[in-house]
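Here is a short briefing on a ligand and the protein around it. Have a look at the binding site first, then read on.

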Amino acid sequence: MPIATVNPANGETIRVYDALPDDEIERRLALAAETFRTYRTTTFFERARLLQAAADLLDADRDDIARVMTTEMGKPLMAARAEAAKCAKAMRWYAEHAAELLSDEHPAAPDVEDSGAASVHVRYRPLGVVLAVMPWNFPLWQVVRFAAPALMAGNVGLLKHASNVPQTALYLEDLFRRAGFPEGCFQTLLVGSRAVEGILRDRRVAAATLTGSEPAGRSVGAIASDEVKKTVLELGGSDPYVVMPSADVAKAAQVAVTARTQNNGQSCIAAKRFIVHTDVYDEFTRLFVSGMRDLKVGDPMDENTQVGPLASEQGRTDLEELVDDAVESGATVLCGGRRPEAYAKAGWFYEPTVITDITQDMRIHLEETFGPVATLYRVSDLDEAVALANDTPFGLSSNVWTHDTAEIDRFARDIEAGGVYVNGMTASHPAFPFGGAKRSGYGRELAAHGIREFCNITTVWVGA
Ligand code: NAP
């Protein structure tokens, strides 16, 4: 895959970048290791000052970097601005909370005494150089939610970003440099995915985090495991969205439209499978389909656009194949299911689509639909809904709409996912842990859990 900015709204290649040669990768690895030696001894106060400065710069750059993101991967401009604002917020959150999240822990006095020590404390120390392999769909946010905690913990970062967002990747390196972080604290490596193995196996790299598809996660996880290096994997999702009879059906249908089509449908935590109780199925379906039909599809630079193009031609082909396969096997398209006529020739657009009469052997039931395509199922009770919701290899997040507290409790107990969102859609927040179960990956980002993933948790035992 070339490292290039190609506008998905019209297919125009804007700029192609050369991959870094081996000697430059070596120079940057050496710089990262050298920087870590001193950066690890800085105080939380110093790191927080730098991260606050980065947040301020990002706020000032918001419009410009939003345009870059929209040009590189097609998200509506309004959403790109919101993403930049969310990143600044997460930076500030970690700048304010890291010292407390990583403060020394003191085991209970009877346990200290029982161990024969005069004192014991547990200390969170940084691991070292962390490699981040990141996807294009939230090109700022995915990186910041790794970088902010990693830098606050005293680690240094190497970013291998997706090949279609090189300008956003270079912007991030520049942002941290301008904020005052020492040279080498955060470096962008413009390299293809084949270079990842060599970098990850390098003895100066301590750990890796990957957000992306399952095949990429499997590959990076296997290499890291072979090297006995820590990893966090944030992979795909096929989140269920369950609607029960006690729900506010109109609200559930309205939010469902956003939950499915946010980021042009290319979000790991987008609701993808809509599982609706038979008592409210007809009403929900009517409102949901009409909401999906009413969305404004178009140029993502247009302030009124709600759904832009898919980020790549291949991404649209993959989505079309899933829909076509389902239709050939008997599924029914309620709306969409094709390219919009106005964009038949230019750009990688696809109409917001709702498809029903899904059977459990169809590819669309088992695979992730990474675009504005919703699958719709009718069920007769919560047990059936949960069984269907769990009938997927993925387990990232989940949504349920109900005002029955017993149902909420059972759903939260039985669903196989890393998140449960009740009467709302899944959205990440710096203060809450984020991550998946099953093939959606392992480890957590954000909150205390995220910042501790890349720490050497050290027991300091002092004899009497
Ligand atoms: P992708 O193709 O897996 O790419 C992600 C990153 O991995 C890119 O930097 C890519 O580099 C690199 N990569 C791909 N194959 C690799 C390999 N074999 N070894 C090492 N690196 C490799 O995924 P994507 O299409 O960019 O992103 C979409 C996927 O990410 C979806 O499945 C989505 O659900 C998932 N996602 C998950 C989360 C989460 O938090 N769980 C969040 C966002 C997205 P190149 O670009 O150079 O190929």
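The shell around the ligand is made up of 14 nonpolar, 11 polar and 4 charged residues. The model is predicted. The ligand sits in the largest pocket.

**Who surrounds the ligand**
- There are 29 residues around the ligand.
- Those that come nearest are R145, S163, S213, L235 and E368.

**Where the shell comes from**
- Two domains take part: domain 1 (3-235 + 440-463) and domain 2 (239-429) each give the shell at least three residues.
- Two helices, helix 5 (141-152) and helix 8 (214-226), each supply at least two residues of the shell.
- Helix 8 gives the largest share of the shell, with 3 residues.

**Polar contacts and cover**
- In the side chain of S213, an N or O atom lies 2.5 Å from an oxygen atom of the ligand. S213 is also among the residues that come nearest to the ligand.
- The side chain of W136 has an N or O atom 2.8 Å from an oxygen atom of the ligand.
- G212 takes part through its backbone: a polar atom there is 3.3 Å from an oxygen atom of the ligand.
- On its own, the ligand has 900 Å² of accessible area, and the protein covers 85% of that area.

Technical notes: Residues numbered from 1 in each chain as written. Predicted model: local features only at pLDDT ≥ 70, side-chain atom pairs only at ≥ 80, totals over all residues. Heavy atoms only, no water. Near = heavy atom within 4 Å. Polar contact = N/O pair within 3.5 Å; in protein donor to acceptor, adjacent residues only side chain to side chain. Areas by Shrake-Rupley, 256 points an atom, 1.4 Å probe, with all protein chains shown as cover. 1 Å grid on protein atoms, 1.4 Å probe; cavity = no way out; pocket = protein on both sides within 12 Å on 5 of 7 lines; lining within 4 Å. Sits in = over half its atoms within 2 Å of the grid points. Helix = DSSP H or I, 4+ residues; strand = E, 2+ residues; numbered from the N terminus. Nonpolar A, V, L, I, M, F, W, Y, C, P; charged D, E, K, R; others polar. Domains from an automatic or database assignment.
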